[in-house]
Amino acid sequence: MTALGPQLRAALGPSRGPRRGWQDGARGGSASTRDLIALADSVRASVAAGAIDFGDALTLLAPMATSEERFVALAPVDLYTFAHDNLLTDETRPALERHAQRLYAPQLRRLGWGPRAVRGQTPVEEPETRSLRASLLMFLAQVARDPAVRREARTRGLAFLGEGPNGDHQLHLDAVPTDLVEVCLVVAAEEGDAALFDRMLAELGRTTDGVLRQRLLAGLSNVDDDALRDRALSLVLDPQLRMNERFRPLMAQFADAHGREHALAWLEAHYDEVRALFGPEYAGYLPYALASFCDRAHAERGRAFFA
């Protein structure tokens, strides 16, 4: 127990497991937001240090998932994401996805895809609530792979692009709330084809709006069709991308458990071009891409390549 932070020691007590008072606090009781965030940090650090079991850590953090405070509610997300991307196989990953879906089902029901109208009037939401919704939906779509969330995100993404049934092939910026555009475009691109990729790439080339460009690029960067991965990675060298945009496709493909091996091979094959384009200031960050791997063999491969 000595390896754990003080908040975690207090929550666990002497070999008694999590205290009821802490669980009540996570659900809106007496524990402060600051205390709960500190507890979550201690739990994650203890997992990283090997001081507590992964399952015990999730048990500790699970009560936080229903909190209305964004940083508290999202406390379990990092653990789920790390396990999903690095510890599990295609055979074992669905069990974690279902677990995450169940854990966050109450939060999803509370937040939905937008504020609910009261007597015909849409209530004004706090920015923190909108941020929590956006982060939750991205997690449920990308890590928990919630089928209903992904269906809705795809439908909204296509509506934003003016695609799908009765689409006019024009952008409809009002079709999706601004803070949910990214998750909708990411899912639409993942489940789309080469024609949709071309459509989004054309829109990227037409706009100078930095925010819209980042959202379109998020979709283009996260394609998980093997036939489109090279096209996404080639955006790193595409002259229409701004320098601050070039890392996005590379890091997105490295973050994908199914795409990172291909992304590494692509980077090794195109490294001289990438380094020349990035210059020493930006090229120095390229080794960070290999942080997506979690094994000694890739660490040695990266060390040898970048030496």
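Reader: If a helix is a DSSP run of H or I with at least four residues, numbered from the N terminus, in which helix is the place of A189?

Author: The model discussed here is predicted, so what follows describes computed coordinates. Leaving aside its neighbours within four places in sequence, A189 is in contact with L196, M200, G219 and V223. The helix that holds A189 itself is α10.

Reader: Is A189 buried or exposed, and at what relative accessibility?

Author: The cut-off for a buried residue is under 20% relative accessible area. The value for A189 falls below that limit, and the residue therefore counts as buried, its relative accessibility being 7%.

Reader: How far apart in space are the C-alpha atoms of A189 and V223?

Author: Along the sequence, 34 residues separate A189 from V223. The two residues are nevertheless in contact, V223 being one of the partners of A189. From C-alpha to C-alpha, the distance between them is 5.8 Å.

Reader: How many helices and how many strands does the secondary structure of the chain come to?

Author: Of the contacts in the chain with a separation of 6 or more, 64% join residues 24 or more positions apart. As for the elements themselves, the secondary structure comes to zero strands, while the number of helices is 16.

Reader: Which radius of gyration does the chain have, and what would a compact globule have?

Author: The C-alpha trace spans about 60 × 60 × 35 Å along its principal axes. For 307 residues, a compact globule would come near 19 Å, and the chain agrees with this because its own radius of gyration is 21 Å.

Reader: What share of the exposed area do carbon and sulfur atoms supply?

Author: Within the chain, 43% of the 307 residues count as buried. The area that the chain exposes is about 15700 Å², and the part of it supplied by carbon and sulfur atoms is 53%.

Reader: How far apart are the mean positions of the positive and negative charges?

Author: The chain carries 36 positive and 42 negative charges. Once each set is reduced to its mean position, the separation between the two is 6 Å.

Reader: Which residues touch the most other members of the largest nonpolar core?

Author: In soluble globular proteins, nonpolar side chains tend to be buried together. The largest such core in this chain has 62 residues. Apart from it lies another core, of 17 residues, with L267, V274, L290 and F293 among them. In the largest core, the residues touching the most other members are M64, Y104, F139 and M200.

Reader: Which helices are included in what covers the buried residues of α14?

Author: Helix α14 runs over residues 247–255, and its buried residues are F247, P249, L250, A252, Q253 and F254. The cover over these residues includes α12 (210–221), α13 (226–234) and α15 (260–283).

Reader: What is the relative accessible area of S221?

Author: S221 is found in helix α12, and beyond four places in sequence this serine touches A232, R248, P249, A252 and Q253. P249, A252 and Q253 are among the buried residues of α14. S221 is itself buried, since its relative accessible area is 0%.

Reader: Which residues does Y282 touch, not counting those up to four places away in sequence?

Author: Y282 is found in helix α15 and is partly exposed, as follows from a relative accessible area of 30%. Its C-alpha lies 9.9 Å from that of R246, although the two are 36 residues apart in sequence. The residues that Y282 touches are M243 and F247.

Reader: What is the phi of N166, and in which loop does this residue lie?

Author: Most residues other than glycine have a negative phi. N166 departs from that sign, and at 82% relative accessibility it counts as exposed. H169 likewise has a positive phi, of about 60°, and is partly exposed, because its relative accessible area is 47%. The phi of N166 is near 60°, and the residue lies in the loop between α9 (147–161) and α10 (181–190).

Reader: What distance separates the C-alpha atoms of P147 and E245?

Author: P147 has its place in helix α9 and counts as partly exposed, because its relative accessibility is 46%. E245 stands 98 residues away along the chain, and the separation of the two C-alpha atoms is 30 Å.

Methods
Residues numbered from 1 in each chain as written. Predicted model: local features only at pLDDT ≥ 70, side-chain atom pairs only at ≥ 80, totals over all residues. Heavy atoms only, no water. Core = buried A, V, L, I, M, F, W, Y, C linked by side-chain atoms within 4.5 Å. Buried < 20%, exposed > 50% of the residue type's maximum accessible area, 1.4 Å probe, protein only. Helix = DSSP H or I, 4+ residues; strand = E, 2+ residues; numbered from the N terminus. Rg over C-alpha atoms; globule rule 2.2 N^0.38 Å. Contact = heavy atoms within 4.5 Å. Areas by Shrake-Rupley, 256 points an atom, 1.4 Å probe, with all protein chains shown as cover. Lys, Arg positive; Asp, Glu negative; His and termini not counted. Charge placed at Lys NZ, Arg CZ, Asp CG, Glu CD.
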